[in-house]
Amino acid sequence: MSVYEKLLLVQTELKAPKSQRNDFGNFNYRSCEDILEAVKPLLHKANAVLMILDDIVTAGNRFYVKATATFQDVESGGQVTAWGYAREPENRPKMDEAQVTGSSSSYARKYALNGLFCIDDTKDPDVTNTGQKQDAPRAPKKADPGQQRLTPGELETLSREADSKGVGHATICQRYGKKSLNDLTVVEFKKAMSALSKMPDKTPEDFNAGYGQYAIFEDVPFR
């Protein structure tokens with residue numbers, strides 16, 4: 001079986017009921033721990049492992065916990081990866097800094113697992129570790145694309161595309177007069193992605209020849 005066939009097996013057989021109860025909000029929900037507990041027997045059956053790692057990323061002046069969930073086939077080494085993001089609140093009463101990050105990590109990991117195993121939580125109200133229901137998100141106001149900053153997902157997409165083309169991040173920043181990719185606007189992001197899409201991917205031989213992923217290419221036709 002390929003890694004995708006094994007993942008399909010796990011996705012099909014995984015049952016993670018909403019075993020947690022929030023009496024304050026009067027609803028049931030499933031936690032990250034519930035998903036992990038339910039998936040372990042299926043991982044053994046599929047001869048696969050699940051790995052989850054956390055990173056802290058920034059977008060503008062806000063901090064996000066980025067959780068990476070990787071399903072890896074023990075036999076072939078093949079991998080399938082999904083990401084989840086959760087924003088750290090600027091302050092949370094009655095919680096210290098470690099608890100704030102831990103709460104965001106639980107959210108991010110749950111969302112990454114949802115994406116990896118096709119779990120639909122769209123009807124679940126999000127709850128904090130203290131069991132309090134969060135306010136429903138308000139519809140975002142339409143922002144001017146020329147001023148709107150990038151989301152963590154857009155930053156990840158741009159970074160990966162630049163790396164695959166062998167274009168240093170500094171080259172992109174210099175082109176648009178920015179100090180970092182975080183400072184790019186949505187309009188500049190679209191222009192950069194359009195330019196990168198027209199460039200050929202760098203091969204391993206290119207990198208071995210000295211074209212490092214983060215080198216600055218003065219002669220790149222980057223427009």
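1. A salt bridge is a side-chain nitrogen of Lys or Arg lying within 4 Å of a carboxyl oxygen of Asp or Glu. The side chains of Lys178 and Glu188 meet in such a salt bridge, with a distance of 2.6 Å from N to O. Please keep in mind throughout that this is a predicted model.

2. Where in the chain do Glu188 and Lys178 lie? Glu188 belongs to helix α6, which covers residues 186-197, whereas Lys178 sits in the loop between α5 (169-176) and α6, so that the pair links distant parts of the chain, ten residues apart. Glu188 has a relative accessibility of 15% and counts as buried, because buried means under 20%. Lys178, at 22% relative accessibility, counts as partly exposed.

3. The structure holds eight salt bridges, and one of them is formed by Lys6 and Glu75, whose closest N and O atoms are 2.9 Å apart. Lys6 lies in helix α1 (residues 3-13) and Glu75 in the loop between β4 (62-73) and β5 (79-87), so this pair ties together parts that are 69 residues apart in sequence. Is each partner buried or exposed? Lys6 counts as buried, at 3% relative accessibility, while Glu75 counts as exposed, at 57%.

4. Glu13 and Lys45 also form a salt bridge, and here the closest N and O atoms are 3.0 Å apart. This pair links distant parts of the chain, since Glu13 is in helix α1 and Lys45 in helix α2 (residues 32-46), 32 residues apart. Glu13 counts as partly exposed at 31% relative accessibility, and Lys45 is exposed, with a relative accessible area of 52%.

5. Helix α6, the home of Glu188, deserves a check of its length. With twelve residues at 1.5 Å a residue, α6 should span 16 Å, and its end C-alpha atoms are indeed 16 Å apart, which agrees. The expected span is 1.5 Å times one less than the number of residues, and therefore a student repeating the check should count the steps between residues.

6. Which residues of α6 are buried? They are Val186, Glu188, Phe189, Ala192, Met193, Ala195 and Leu196. What covers these buried residues of α6 includes α4 (152-165) and α5. When reading such a list, it helps to recall that an α-helix has 3.6 residues a turn, so residues three or four places apart point the same way.

Notes. Residues are numbered from 1 along each chain as its sequence is written. This is a predicted model: local features need pLDDT of at least 70, side-chain atom pairs count only at pLDDT 80 or more; totals for chains, interfaces and linings use all residues. Side-chain values use heavy atoms; hydrogens and water are left out. Helices (H or I, at least four residues) and strands (E, at least two) are DSSP runs, numbered from the N terminus. Buried means under 20% relative accessible area, exposed over 50%, partly exposed in between (1.4 Å probe, protein chains only). Contact means heavy atoms within 4.5 Å.
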